[in-house]
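Biologist: I've got the sequence and the model open and would like to go through the fold with you. Shall we take it piece by piece?

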Amino acid sequence: MGCGRSFPFMQLVFLSMLLVPTLSSGSGSGSDREALEIGIGIGIGVGVGGGAAPSTPQPECPPPPQPQPQPQPSDFENILQYRAYFVIQRFKKTVTCDPKNKTGSWTGFRICNNDGRGYQGFYCETPPGLNNMRTIASVDFNGFTLSAPTVCGFVDQLPDLALFHANSNSFGGTVPALASLPFFYELDLSNNRLSGGFPASVLPLVNLAFLDLRYNGYAGPVPPAVFLIRTDVLFLNNNGFTQSIPPNLGSTTAAYLTLANNDFTGPIPSSIGKACDTLIEVLFLGNRLSGCLPYEAGLLKKATVFDAGSNQITGPIPLSFGCLQKVEQLNLAGNLLYGEVPDVVCRLAKYGHLANLSLSDNYFTSVAPSCAGLIQQKVLDVKKNCIPGLPNQRSPEACAWFLKRPKITCPNAHYIPCHLPWAGRDELDSAASSAPAVDGARDKSPASGYTTYKALRHHDEP
């Protein structure tokens, strides 16, 4: 093995010795050039494997990223905002879509946006019992169009939060448990992607003044406990709630209540009369409610809006509705009501505040004398009924079909539980139909100026 490797080496040495005199002779013969070329070739051959090959320059590797310094409590206004910073940053990482780049402002150490220079949507106040310790009290994401799988682990981790408004986003999951937040009193998760049954985490929030869950995917029954929340505003419309409205409806303290556009069945609970001192606007429209109108609805002395249109309610209009002295919008259209349109109800246009009485698409067969003028003044709408002599009524066949159907008995339909302001004033009977029905400045449009009707809009408007 060793010999085999030494022979070519000795041969190369011998050849080089033969060439040395030739290279050093300095003669310019052709043989010298050939020897030079051979020598160069040998030199190259000798160099291969024996000398260092030229190295190819390698690109320099970038230095590894340096860890960013963690925020310190001294970077923030106080320790409460320092803690909130990490809650916000964790939630920011869960946001999957932010077309308006609202989260782009959620950087740095200036969180409070009270002056417009902080994190968009976050506002600070000093909680009760503390001095000069501003922290996040309000989160307002209305119209941000953010997408995130849930707000759990975010809203419930801001311990001094008082209100969370998030209309028109794409938040999923359900409502987080908020009972541990001592100052919390307003929750708006309307127009999101919440689903499942009624969120049980809301029920312990008995001091919640504002609850808005409209335009989501909730389904199933509404628990009776929701009417034990001491709320001023309760919006549950445009979901998929089913079964009957709980019988303790009248326990609600809400001034503005909408159950519209769900799939409720059964009658309007008679307990509604117990809300006579608080209920101002109530919407039942767009369900599958049946049975009689409860005469107790006439006890709602503060009501300005009562809307039970587009249901399957039947029977006559209770005379107690003549006690609704403050009602401005009374909509019973699109039901199975019949009989005479009561005189006491039509008189509300002159002696109360009634601006719009919608009774179209029912089966009324007559109108009281004081109602005739309201038709001409477009306060009363009785199209698609069965009233002889009036235009735009149902066909005789449709009216005959309905009149043959079995009728139900509505208790206390003729009971008037109040003193009528015109009682005993006979001269008003003849003047009622010709007198102006309403103040010209009164708004007749149900979509304008009413809190509950505005709640039927899919998006909040600025």
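Biologist: In which sense do strand β9 and strand β11 pair?

Modeller: Keep in mind that this is a predicted model. Strand β9 covers residues 217-220 and strand β11 covers residues 240-244, with 2 bridges between them. At those bridges A219 stands opposite G240, and G220 has F241 as its partner in β11. The sense of the pairing is parallel.

Biologist: Which residue in β13 stands opposite S244?

Modeller: Strand β13 runs over residues 263-266 and pairs with β11 in the parallel sense. That pairing has 3 bridges. Opposite S244, in β13, you'll find T265.

Biologist: Which are the edge strands of the open sheet?

Modeller: Strands of a sheet pair through backbone hydrogen bonds, either parallel or antiparallel. Here there are 5 strands with parallel pairing, in the order β7-β9-β11-β13-β15. An edge strand pairs on one side only, and that goes for β7 (195-196) and β15.

Biologist: Where does N287 sit, and is it buried or exposed?

Modeller: Look at the loop between β14 (281-283) and β15 (288-289), which is the place of N287. Its relative accessibility is 7%, and the cut-off for buried is under 20%. So N287 is a loop residue that counts as buried.

Biologist: From which residue does the backbone nitrogen lie 3.2 Å from a polar atom of the N287 side chain?

Modeller: Leaving out residues up to four places away in sequence, N287 touches L259, A260, N261, N262, D263, F264, S310 and N311. One of these also has its backbone nitrogen 3.2 Å from a polar side-chain atom of N287. That residue is D263.

Biologist: Which element gives the most residues to the largest nonpolar core?

Modeller: That core has 96 residues, and those with the most contacts inside it are F141, F154, F164, F284 and F306. The elements giving two or more residues are α3 (79-94), β1 (122-125), β2 (135-140), β19 (336-341), α4 (343-346) and α5 (348-351). The top contributor, with 6 residues, is α3.

Biologist: And what is F284 in contact with, beyond its neighbours within four places in sequence?

Modeller: F284 is among the core residues with the most contacts inside the core. Its partners include I245, L249, I268, I272 and L289. F284 also meets L259, A260, D307, A308, N311 and another of those well-connected core residues, F306.

Biologist: How many residues are in the second, separate core?

Modeller: Among its members are L283, L285, V305 and Y450. This core is separate from the one that holds F284. The residue count of the second core is 6.

Biologist: On to charges. Which residues do salt bridges that share partners join into one network?

Modeller: The whole structure has 9 salt bridges. In one of them D115 and R117 meet through their side chains at 3.1 Å, N to O; D115 is partly exposed at 40%, while R117 is exposed at 58%. With shared partners, the network joins R110, D115 and R117.

Biologist: How far apart in sequence are the parts that R394 and D361 tie together?

Modeller: The two side chains meet in a salt bridge at 2.5 Å, N to O. R394 is in the loop between β22 (380-381) and α7 (396-403), and D361 is in the loop between β20 (356-358) and β21 (363-367). So the pair ties together parts whose separation in sequence is 33 residues.

Biologist: In the salt bridge of R347 and D343, which residue is buried?

Modeller: Their side chains meet at 2.5 Å, N to O. D343 has a relative accessible area of 24%, so it is partly exposed. At 4%, the buried residue is R347.

Biologist: Last one: what percentage of contacts between residues at least 6 apart join residues at least 24 apart?

Modeller: For the overall picture, the secondary structure of the chain comes to 9 helices and 22 strands. Of its 462 residues, 46% count as buried. The chain exposes about 22,900 Å², with carbon and sulfur atoms supplying 58% of that area. As for contacts joining residues at least 24 apart, the share you asked for is 53%.

Technical notes: Residues are numbered from 1 along each chain as its sequence is written. This is a predicted model: local features need pLDDT of at least 70, side-chain atom pairs count only at pLDDT 80 or more; totals for chains, interfaces and linings use all residues. Side-chain values use heavy atoms; hydrogens and water are left out. Helices (H or I, at least four residues) and strands (E, at least two) are DSSP runs, numbered from the N terminus. Buried means under 20% relative accessible area, exposed over 50%, partly exposed in between (1.4 Å probe, protein chains only). A polar contact is a pair of N or O atoms within 3.5 Å; within protein, one must be able to donate a hydrogen and the other to accept it, and residues adjacent in sequence count only if both atoms are side-chain atoms. Contact means heavy atoms within 4.5 Å. A nonpolar core is a set of buried Ala, Val, Leu, Ile, Met, Phe, Trp, Tyr and Cys residues joined through side-chain atoms within 4.5 Å. Accessible areas come from the Shrake-Rupley method with a 1.4 Å probe; for residues, only the protein chains shown count as cover. Two strands pair if DSSP finds at least two bridges between them. A salt bridge is a side-chain nitrogen of Lys or Arg within 4 Å of a carboxyl oxygen of Asp or Glu.
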